[in-house]
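Look at the model below with its helices in mind. The text after it follows one helix from its buried side outward and then turns to a pair of helices packed together.

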Amino acid sequence: MIAIELLEKYGAVKKRYDKASTIFEEGKLPTHYYQILSGEVKMNNYNDDGREFIQGFFYQNQCFGEPPLFLNRVYPASAVAVENTELICITKECFLELLANNPAISITIIENLAQRLYYKSVMAAEISSEEPEHRVLTLIDYTIANFNLKKSQHGYLINFTRQQIGDLTGLRVETVIRAIKSLEKKGLLKIINRKVYR
């Protein structure tokens, strides 16, 4: 997203996080801009019953957690490394200076935020009104369209677990499993070695 050399010019440092490590916690004020060099990060919340709701997954070259940084509000979710992950981090003050001095980067950040807001709007409508099969297929199609997945001989590999699909769509795992099987019967998905392809 932002060139590493430019981030380093403004004082960014690289940090490693082990799998399942917390990068920042819900309710804390943001202090840094984060961009992924390698690995995977999820942003999540837990409800009063302890059920996880995943706000989103972020991958190499993506940034995460910026909205509270601009608003000076606390994080509405926690960020956790899904696997061993390396990030490049820059303090809020240096990040804002970088943006002030590089207007083209500001436009890129705005486009990225708009894309994520669009996704949230689409998924909010899906979760509130659509049937489970439709929710699952919308999530899968959005992922294919926006995360540059590579197509194999079987189609696009959807690298989410059934639990993650449930957490992203507001469905129970059992419902996700039934929906995926139904979509397979309709020829809309393939299941090969327990992996889902579109």
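In this predicted model, helix H7 has six residues to consider together: Thr175, Val176, Ala179, Ile180, Ser182 and Leu183 are buried. Viewed along the axis of H7, these buried residues fall within an arc of 165 degrees, so they line one face of the helix. An α-helix has 3.6 residues a turn, so residues three or four places apart point the same way. The other side of H7 carries Glu174, Arg178 and Lys185, which are exposed.

The length of H7 can be checked as well. The helix covers residues 173-185, and at 1.5 Å a residue its 13 residues should span 18 Å; the C-alpha atoms at its ends are 18 Å apart, which agrees. Just after H7 comes Gly187, with a positive phi of about 80 degrees.

What do the buried residues of H7 pack against? Their partners are H5, H6, strand E11 (190-192) and strand E12 (195-197).

Two of these partners, H5 and H6, also pack together. Helix H5 spans residues 132-146 and helix H6 residues 162-169; the angle between them is about 100 degrees, and their axes lie 10 Å apart. Angles of 65 to 115 degrees count as roughly perpendicular, so H5 is roughly perpendicular to H6. On the H5 side the contact involves Arg135, Val136 and Leu139, which meet Ile165, Leu168 and Thr169 in H6. By class, the residues of this contact divide into 4 nonpolar, 1 polar and 1 charged.

Definitions and conventions:
Residues are numbered from 1 along each chain as its sequence is written. This is a predicted model: local features need pLDDT of at least 70, side-chain atom pairs count only at pLDDT 80 or more; totals for chains, interfaces and linings use all residues. Side-chain values use heavy atoms; hydrogens and water are left out. Axes are lines fitted to C-alpha atoms, for helices over the stretch in contact, and angles run from 0 to 180 degrees between N-to-C directions. Helices (H or I, at least four residues) and strands (E, at least two) are DSSP runs, numbered from the N terminus. Angles under 35 degrees count as roughly parallel, over 145 as roughly antiparallel, 65 to 115 as roughly perpendicular and the rest as oblique. Contact means heavy atoms within 4.5 Å. Ala, Val, Leu, Ile, Met, Phe, Trp, Tyr, Cys and Pro count as nonpolar, Asp, Glu, Lys and Arg as charged, and the others, Gly among them, as polar. The expected span of a helix is 1.5 Å times one less than its number of residues. Buried means under 20% relative accessible area, exposed over 50%, partly exposed in between (1.4 Å probe, protein chains only). The arc is that of the directions from the helix axis to the C-beta atoms.
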